[in-house]
Amino acid sequence: MFFSRVQSAGQSALKALVVSPEADAETTLKPALTAAGRFAVTVVRDSFERAEPRIAADTAAVIIACVDTQARGELVALQRFINRTGGRVPVIVVTDGFDEALARWLLQIRVADFVKRPIDPVELARTCIKAIEAQASGEPGEAEFFAFLPAAGGVGVTTLAIQTAFLLMRANGRKALARTCLIDLDFQNGACADHLDVEPRLILDEIVPNPDRLDDLLLDMMLSEHPSGLKVLAAPNRPAEMRTFDPAVVTRLLDLASRRFDNVVIDMPRTWFPWTDDVLVGADRVYIVTEMTVPGLRLARRLTAAITERLGEAVKPAAIVNRFESSLFGTGLRQSDIEAALGSALAGCVANNYRQVREAIDRGVPLEEIKASSNVLADLRKILTARAPGAAAANG
Ligand SMILES: Nc1ncnc2c1ncn2[C@@H]1O[C@H](COP(=O)(O)OP(=O)(O)OP(=O)(O)O)[C@@H](O)[C@H]1O
Ligand SMILES: [Mg+2]
């Protein structure tokens, strides 16, 4: 899931939650995990049965539950928790001992693993990491994330994000549409809903005070649908308001979307928010969009360098030069200037075709419907196809 991806990218320590009524939670378990150097450990000194209702699926990347296996209430709480969270967070059970029947039952209710006291610290840490990795790789249908980030205002981020979403949706040779969602994170000035002529239904006031309330059902109510089948998550604009809120709101949204869709395309704002790092680290592709001017190329180069400096190897931003004009005989910038300015950070250029793009925006339809052989789409396809090795090609 998106959230665990953000965590395992090494930006922050892996959150481990130890639930135990015993003193050894503090004296043995916490030091054992802390010593492994990967975990930020929180201890809840309570029985699992009592603590269970207060634990949300995204509280931690792994939960270590010390349960009294003789107590039926504890086992029921374990099962209830795993059902309630859909097995999204791995649970490791620590017990004083168990027999074969109990071990079988624990596996049946999808406990990730179990460890017997006395605790071997190295084994416990290894078991936790194994469970987190198994969880991340076994996630069903995890979406591929594409983040589009502006190097300057008005360079065409929204246009390219929308057309990318349409391309990805139809990338299955049109046999079936890939489940695709466009998310407008430009809460202040977002224009995705306007471009597509859909009603924005993401009501931030409902989720900001309590991100944990956000579940599949609520997400469903907040998704808009474009006639093409594209899902859109966009909030009504608040142009006069600079909204900042708990980054968990955004990671939670992306987390839910990650399990629902094959592709998620994100329209990012120009301002850096507390959640921006997480979105970039969690994205499979980060495209920086700029325009074909000297300042535009400089801004893109600086932004690329700044992201690399800030987030390291976890993010590999690639620049797209939009509204590209080849000026073979003119005096303006040439392809070679662009290559020189951006080097290996250049993902590609997208042709300038104002008439086509404007018509697509005004009618709220995929460019493909305006002109199947659009040069803008051909360029965009080329960029998407050349993306990360192993990813499916977008050959709508
Ligand atoms: N490839 C293109 N060819 C011609 N015009 C384009 C192209 N891409 C975008 N445009 C035009 O550029 C303008 C800005 O596009 P868009 O709204 O997508 O930019 P943006 O970067 O999202 O802007 P903002 O900073 O306001 O969010 C629009 O008028 C759009 O029609
Ligand atoms: Mg925009």
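The points below go through the ligand site, selected helix starts and loops, and some long-range pairs in this predicted model.

1. The space taken by ligand 1 is the largest pocket. The elements that contribute two or more residues to the shell around the ligand are helix H7 (157-169), strand S12 (317-324) and helix H15 (354-363). This shell divides into 6 nonpolar residues, 9 polar residues and 1 charged residue, and of the 16 residues around ligand 1 those that come nearest are Gly 154, Gly 156, Thr 158, Thr 159 and Arg 323.

2. Backbone atoms of the protein approach oxygen atoms of ligand 1 at several places, and three of these approaches may be worth inspecting in the viewer. A backbone N or O atom of Gly 154 lies 2.8 Å from an oxygen atom of ligand 1, while a polar backbone atom of Gly 156 is 2.9 Å from an oxygen atom of the ligand. For Val 157, a backbone N or O atom is found 2.9 Å from an oxygen atom of ligand 1. Taken alone the ligand exposes 630 Å², and the protein buries 78% of that area.

3. Ser 374 belongs to the loop between helix H16 (367-370) and helix H17, and with a relative accessibility of 1% this serine counts as buried, because the cut-off for that class is under 20%. At the start of H17, a side-chain oxygen of Ser 374 reaches to within 3.1 Å of the backbone nitrogen of Val 376. Within helix H17 itself (residues 375-385), the buried residues are Val 376, Leu 377, Asp 379, Leu 380, Arg 381, Ile 383 and Leu 384, so that Val 376 is both the partner of Ser 374 in this contact and a buried residue of the helix.

4. A serine side chain also reaches a backbone nitrogen in the loop between strand S1 (14-19) and helix H2 (24-35), where Ser 20 is found. The side chain of Ser 20 reaches the backbone nitrogen of Glu 22 at 3.0 Å. Ser 20 is buried, because its relative accessible area is 0%.

5. Which peptide bond is cis, with omega near 0 degrees? The bond in question runs from Arg 117 to Pro 118, and Pro 118 has its place in the loop between strand S5 (113-116) and helix H6 (121-138). As background for this point and the next, most peptide bonds are trans, and most residues other than glycine have a negative phi.

6. Two residues that are not glycine deserve a look for their backbone angles. Arg 110 has a positive phi of about 70 degrees and is found in the loop between helix H5 (100-108) and strand S5. Asp 197 has a phi near 55 degrees, which is likewise a positive value in a residue other than glycine, and this aspartate is found in the loop between helix H8 (192-196) and helix H9 (204-207). Asp 197 counts as exposed, because its relative accessibility is 68% and the class begins over 50%.

7. Cys 66 lies in strand S3 (residues 62-66), and at 4% relative accessibility this cysteine counts as buried. Cys 66 and Val 94 are 28 residues apart in sequence, yet their C-alpha atoms are 4.5 Å apart in space.

8. Pro 317 lies in strand S12, one of the elements that give two or more residues to the shell around ligand 1. At 9% relative accessibility Pro 317 counts as buried. The C-alpha atoms of Pro 317 and Phe 148 are 9.7 Å apart, across a sequence separation of 169 residues.

9. Is Asp 246 buried, partly exposed or exposed? At 44% relative accessibility Asp 246 counts as partly exposed, because the value falls between the limits of 20% and 50%. The residue has its place in the loop between strand S9 (231-233) and helix H11 (247-260). Asp 246 and Asn 210 are 36 residues apart in sequence, and from C-alpha to C-alpha they are 9.6 Å apart in space.

Technical notes: Residues are numbered from 1 along each chain as its sequence is written. Chains are lettered from A and ligands numbered from 1 in the order in which they are written. This is a predicted model: local features need pLDDT of at least 70, side-chain atom pairs count only at pLDDT 80 or more; totals for chains, interfaces and linings use all residues. Side-chain values use heavy atoms; hydrogens and water are left out. Helices (H or I, at least four residues) and strands (E, at least two) are DSSP runs, numbered from the N terminus. Buried means under 20% relative accessible area, exposed over 50%, partly exposed in between (1.4 Å probe, protein chains only). A residue is near a molecule or strand if one of its heavy atoms lies within 4 Å of it. A polar contact is a pair of N or O atoms within 3.5 Å; within protein, one must be able to donate a hydrogen and the other to accept it, and residues adjacent in sequence count only if both atoms are side-chain atoms. Accessible areas come from the Shrake-Rupley method with a 1.4 Å probe; for residues, only the protein chains shown count as cover. On a 1 Å grid over the protein atoms alone, a cavity is a set of points where a 1.4 Å probe fits but cannot get out, and a pocket is an open set with protein on both sides within 12 Å along at least five of seven lines; lining residues have an atom within 4 Å of a point. A molecule sits in a cavity or pocket if more than half of its atoms lie within 2 Å of its grid points. Ala, Val, Leu, Ile, Met, Phe, Trp, Tyr, Cys and Pro count as nonpolar, Asp, Glu, Lys and Arg as charged, and the others, Gly among them, as polar.
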